[in-house]
Amino acid sequence: MFVVGSNSWNVTHIDGNVSCTIVNLTGDSEGHDYSFLTNSTEELIFRGAAIDVLDLTIPLANITPWKVLITNSNLTRVVFPAQMSPSVVHLCTTEVEDVHFEDNNSLQDFRAEYTSLRTISPTVSKLHALDILWVSSSQLTSINFDILVNSTVSLLYLVGNRIEMVTLSPGVVCCQHLEELFLTNNLLKQLDFGTFATMSNLKVLFLENNKLTDLHASVPNLDHSNGEMYCSWHQHYIAQDSAEQELETPNCTDYYATLLSINLARNNLVQLNFSTFSWMNNLNLLDVSKNHLISLIASDGELPLRLSELFASNNNITDVYLAPFKEMKAIYLYDNNVQSLNMSDLPKDLDYLNLVNNPLNCDMLPHKRPTLPVLGLYTEC
């Protein structure tokens, strides 16, 4: 059941069973009377607000909703009070320049979709329980990870903005709880993977559909930062692979300690230097599909040790040398320009190879000749 009401301050509201929608709010937010709000309100919604500063201090003073939604509104600034109750705040299809937070231990999920936000407010650092930070289809042009020092955010979703630059100040360690980072559909042209080296819980990194042409990794020289030591375990893993017993681990945190997957599909890469990823000791999956690559050449000692799946379809690859990858199990090369291939150029323990829609004659591959029984890896041509 829905009840439409208004009061002397012209606050029109629609009361649902557990929600209250305030519609077409205008004027001075400090002068509005929100006495109609009750503790039965679980979801507080502002729809069609047109106001300079939407200060939620008064409406959230006496009620404890779990969610605040602001939609189809035109605002300059939104102010959220200290110690408010909502665990979810969602801005959708709203013109807004700034969002301001005070110290809070309740808000876990902040989302802004189809907004005019150009920056992420540094006041997100005051959200001590924030788990999801989501700004998509908005106007962000850059992200400085300094604002997430000591942050509890585990999922950072920045898809469909206009981000051209991601940075982290020298000597700064941030994002120790971050597990998933989405930067898909932005305007990145170059990227320093060193920015992510000390994000010790980062597992997946999505970078599809940018304009990337240049990848490098300037790993920071951090002997000691915030009580945490960082180094590369690369040589330790190499030694461990040939040792007969468990070796003592280094007394530091490995760079890219938990990074498992990087997606770089649909960019403008022409060359791929595997040394960019060489200190990512636990990287399992790399996707560089739908770029402009002309070769895949790996050099001994300059590659991620545990890379097991490589997706490189829909490029213009002619030359392939991937033998140095000891852990590689699957390679996807369909829709390329591979005309010949020596099996010695491939990883010895490879299980699966996809060469569909390449100009090479599959019958010339030793294990695919019709006069011989099927041997070796499973190959699709």
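# Reading charge, fold and core in a predicted chain

Biologist: Let's start with charge. How many positive and negative side chains does the chain have, and how far apart do the centres of the two sets lie?

Modeller: Count each set, then compare where their centres sit. Here there are 18 positive and 42 negative side chains, with the two centres 8 Å apart. Keep in mind that this is a predicted model.

Biologist: Fine. What helices and strands does the chain have?

Modeller: Tally the elements, then look at the outline. You get one helix and 28 strands, and the C-alpha atoms fill a box of roughly 90 × 45 × 35 Å along the principal axes.

Biologist: How do I read contacts by sequence separation?

Modeller: Take pairs at least 6 apart in sequence and see what share is at least 24 apart. In this chain, that share is 42%.

Biologist: And burial? What part of the 381 residues counts as buried?

Modeller: With buried meaning under 20% relative accessible area, the figure is 50%. The accessible surface is about 17,700 Å², 47% of it from carbon and sulfur atoms.

Biologist: Which residues have the most contacts inside the largest nonpolar core?

Modeller: Look for the hubs. That core has 102 residues, and its hubs are F80, F145, F193, F196 and I262. Several strands each supply at least two of its residues, including strand 3 (19–23), strand 8 (88–94) and strand 11 (132–136).

Biologist: Take F196. What is it in contact with, leaving aside neighbours within four places in sequence?

Modeller: F196 touches F145, V166, L181, L191, L202, L205 and Y256. There is also a second, separate core of six residues, among them I132, W134, L155 and V159.

Methods
Residues are numbered from 1 along each chain as its sequence is written. This is a predicted model: local features need pLDDT of at least 70, side-chain atom pairs count only at pLDDT 80 or more; totals for chains, interfaces and linings use all residues. Side-chain values use heavy atoms; hydrogens and water are left out. Helices (H or I, at least four residues) and strands (E, at least two) are DSSP runs, numbered from the N terminus. Buried means under 20% relative accessible area, exposed over 50%, partly exposed in between (1.4 Å probe, protein chains only). Contact means heavy atoms within 4.5 Å. Accessible areas come from the Shrake-Rupley method with a 1.4 Å probe; for residues, only the protein chains shown count as cover. Lys and Arg count as positive and Asp and Glu as negative; His and the chain ends are not counted. The place of a charge is taken as NZ of Lys, CZ of Arg, CG of Asp or CD of Glu. A nonpolar core is a set of buried Ala, Val, Leu, Ile, Met, Phe, Trp, Tyr and Cys residues joined through side-chain atoms within 4.5 Å.
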